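Q: I am new to this structure and would like a close look at one part of it, with its surroundings explained step by step. Please define each term when it comes up.

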Amino acid sequence: MTDDQPASASLEEFLAAMPNGALGDKMGIEVVEVTPERIVATMPVEGNTQPYGLLHGGASVVLAESLGSIGSALHAHPDRVAVGIDINATHHRSATSGLVTGVATPVHLGRTSACFEVVISDERGKRVCTARITCALIPAERLAR
């Protein structure tokens, strides 16, 4: 949030004010739901594959980190900001077409850290990947320039 925005800004205003990197746009990530309990986004398989035409494991990790970071930032707001410190992923099956959907739910929401589990599924509802991301929640003034 910027200094001129009230702390009681709506969810839409909060998301609009978040710094947005270009990676999510390049990967085609579309955030479709954001609540304190659940963050959901989709990502196309096409354009995010490895040489054999399968969804790249790194693409799944990008989706997972994006969702966990949004959830952590929402929890940290307004006096702290979230920065990723750990992520891991287990790839259960491949996806070769369509969209995958990531659903992030909080595992731990503390004062100095937040942790989310992210389940990524294919269009049939089959689990493709399970990831866990932990973010440190640091005072916002440490990043102020």
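The part in question is strand 6, and the answer starts from one of its residues, Thr134.

A: This is a predicted model, in which local features need pLDDT of at least 70 and side-chain atom pairs count only at pLDDT 80 or more, while totals for chains, interfaces and linings use all residues. Residues are numbered from 1 along each chain as its sequence is written, and side-chain values use heavy atoms, with hydrogens and water left out.

To place the strand, it helps to begin with the whole protein, which has three helices and six strands (DSSP runs of H or I with at least four residues for helices and of E with at least two for strands, numbered from the N terminus). Read from the N terminus, these elements follow the order α-α-β-β-α-β-β-β-β. Of the contacts (heavy atoms within 4.5 Å) with a separation of 6 or more, 61% join residues 24 or more positions apart.

Strand 6 covers residues 127–139, and Thr134 lies within it. With a relative accessibility of 16%, Thr134 counts as buried (under 20% relative accessible area, whereas exposed means over 50% and partly exposed in between, with a 1.4 Å probe and protein chains only). In the protein as a whole, buried residues make up 35% of the 145 residues. Setting aside residues up to four places away in sequence, Thr134 touches Val83, Gly84, Ile85, Asp86, Ala114 and Cys115.

One of those partners, Asp86, also meets the side chain of Arg132 in a salt bridge, with N and O 3.1 Å apart (a side-chain nitrogen of Lys or Arg within 4 Å of a carboxyl oxygen of Asp or Glu). This pair links distant parts of the chain, since Arg132 belongs to strand 6 and Asp86 to strand 3 (residues 80–91), 46 residues apart. Arg132, at a relative accessible area of 36%, is partly exposed, and Asp86, at 34%, is partly exposed too. The protein has three salt bridges by this rule, including one between Arg124 and Asp122 at 2.9 Å, N to O; here Arg124 is exposed at 63%, but Asp122 is buried at 11%.

Another partner of Thr134 is Cys115, which raises the matter of disulfides (pairs of cysteine sulfur atoms within 2.5 Å). A search of the whole structure finds zero of them. Cys115 is accordingly in no disulfide, and the nearest cysteine sulfur, that of Cys135, is 8.8 Å away; Cys135 is likewise in no disulfide. Both cysteines are out of the way of the probe to some degree, for Cys115 is buried with a relative accessible area of 9% and Cys135 is buried with 0%.

Strand 6 also takes part in the interior. The largest nonpolar core (buried Ala, Val, Leu, Ile, Met, Phe, Trp, Tyr and Cys residues joined through side-chain atoms within 4.5 Å) holds 30 residues, of which Met43, Leu55, Leu63, Val100 and Val118 touch the most other members. Strand 6 gives two or more residues to this core, as do strand 2 (38–44), helix 3 (57–76), strand 4 (99–109) and strand 5 (113–121). Helix 3 supplies the largest share, eight residues.
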